[in-house]
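Here are some short exercises to work through with the model open beside you. Try each task yourself before you read the solution.

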Amino acid sequence: MKSKSFPPAKTIQSWFSQLNRLKVFVVGDVMLDNYWYGASDRISPEAPVPIVQITKKESRLGGAANVAVNCKAMGADVFLMSVCGADADAKTLLRLCESFNIHTSGIVQSKKRKTTTKTRIIARHQQTLRLDEEESSYLQTNDEHHFIDVCLRAIQIEAPDILIFEDYNKGLLTPLVIEKIIGHCKTVGVFIAVDPKFDSFFSYVGCDLFKPNLKEIQEALGTRIEINLKHLKQCHEALHQRLKNEVSFVTLSEHGVFVQREKEAFLIPAHPRSIADVSGAGDTVISVMSLIYFISRDISISASIANLAGGLVCEQPGVVSINKKSLLAECLSQH
């Protein structure tokens with residue numbers, strides 16, 4: 001099916017206003033995206049690599065923390081739930097979260113873990129090197145059980161409207177963590193959205209919205225997928241049989257997005273953009289799709305708006321969050 005025409009401006013404006021009343025939990029792997037900028041005009045005499053003289057350092061929230069920032073940018077009240085290290089990078093991460101007014105009481109600091117960081121060295125407007133520090137093994141049993149207790153207690157007390165799982169395969173979202181949180185959310189009526197990764201791909205049984213990208217779904221299903229409605233509908237059926245999910249939402253990079261609920265399916269093309277950086281676009285897409293779909297219950301329009309949001313953040317370098325006013329203006333221009 002072709003995507004629907006956008007609804008009247010008053011309807012879209014009403015949806016965007018209603019976002020301010022939502023309470024959202026983001027559960028997943030948090031990380032720091034560090035950017036070190038400098039000048040480079042000579043090669044090291046020690047090895048054939050450029051010497052970069054650092055002139056500026058900047059840290060941004062990444063992973064599940066970037067999803068939280070995007071949800072906050074859309075107007076929601078946001079609680080971030082994760083496990084990080086008890087280290088200096090964790091202090092920076094918590095400080096940045098608090099600067100965005102993101103609730104951090106659900107972030108557990110563990111001496112057995114290190115905070116995931118990605119440090120990008122940038123010279124002459126291009127990345128010359130990336131340094132990663134991370135702990136990607138599953139949580140140890142004590143940390144796992146403690147984190148489950150923290151999450152279930154917070155869900156019971158705060159009664160969120162939406163819970164988004166943001167999986168980056170860094171060890172937080174164990175099968176037991178996923179099972180216990182989904183079970184509790186189903187009991188108390190919380191809408192569950194998932195941005196999966198390969199390791200726990202089929203662990204999210206009972207979720208409402210499942211958002212893999214094309215590479216992830218091909219790896220999980222063990223098949224090459226042609227980008228047409230027939231093949232993508234078959235993917236939804238395969239996912240639904242395993243996960244019992246209500247909505248499948250597949251991001252297709254430059255080919256746009258696919259979304260299906262029951263027999264209603266849409267393949268929505270990407271909008272032409274001047275692409276600067278695709279980093280963090282998936283975080284924006286899951287955030288916007290989850291919130292707009294929860295408000296509208298319209299899979300075509302919410303997928304179209306999420307598609308627009310992903311394109312907008314790709315026009316800016318680095319990991320950035322969506323601008324709500326810009327996205328609303330983009331939506332209103334679609335008439």
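**Exercise 1.** Find what covers the buried residues of helix H2.

*Solution.* Start by locating H2 in this predicted model: the helix runs over residues 64–73. Next, list its buried residues: Ala 64, Ala 65, Asn 66, Val 67, Ala 68, Val 69, Asn 70 and Cys 71. Now look at what lies against them. The cover includes strands S1 (23–28), S2 (30–43), S3 (50–63), S4 and S8 (162–166), along with helix H8 (281–296). Finally, draw the conclusion: eight of the 10 residues of H2 are buried, so the helix is largely enclosed by the rest of the structure. As an extra, step just past the end of H2, where Gly 75 has a positive phi of about 115°.

**Exercise 2.** Decide whether Ile 164 is buried or exposed, and list its contacts.

*Solution.* First, place the residue: Ile 164 sits in strand S8. Second, compare its accessibility with the cut-off, since buried means under 20% relative accessible area. Ile 164 has 0% relative accessibility, so it counts as buried. Third, leave aside neighbours within four places in sequence and collect the contacts: Val 24, Phe 25, Val 26, Val 27, Val 67, Cys 71, Ala 193, Ile 286, Ser 287, Ser 290 and Leu 291. Two names may ring a bell from the first exercise: Val 67 and Cys 71 are among the buried residues of H2.

**Exercise 3.** Work out the strand order of the nine-stranded open sheet, and explain why one side of S5 and one side of S13 have no neighbour in the sheet.

*Solution.* Trace the sheet from one end to the other: S5-S4-S1-S8-S9-S10-S11-S12-S13, with mixed pairing. The edges are S5 (103–110) and S13 (264–268); each has a single partner strand, so one side of each is left without a neighbour in the sheet. Then zoom in on one pair: S4 (residues 77–85) and S5 run parallel, joined over six bridges. As an example, Ser 82 has Ile 107 in S5 as its bridge partner.

**Exercise 4.** Check whether the radius of gyration of the chain agrees with or departs from that of a compact globule.

*Solution.* Begin with the rule: for 335 residues, a compact globule would have a radius of gyration near 20 Å. The chain has 20 Å, which agrees. Then add the wider picture: 53% of the residues count as buried, and the C-alpha trace spans about 65 × 45 × 40 Å along its principal axes. The chain contains 10 helices and 13 strands.

Technical notes. Residues are numbered from 1 along each chain as its sequence is written. This is a predicted model: local features need pLDDT of at least 70, side-chain atom pairs count only at pLDDT 80 or more; totals for chains, interfaces and linings use all residues. Side-chain values use heavy atoms; hydrogens and water are left out. Helices (H or I, at least four residues) and strands (E, at least two) are DSSP runs, numbered from the N terminus. The radius of gyration is taken over C-alpha atoms; the globule rule is 2.2 Å times the number of residues to the power 0.38. Buried means under 20% relative accessible area, exposed over 50%, partly exposed in between (1.4 Å probe, protein chains only). Two strands pair if DSSP finds at least two bridges between them. Contact means heavy atoms within 4.5 Å.
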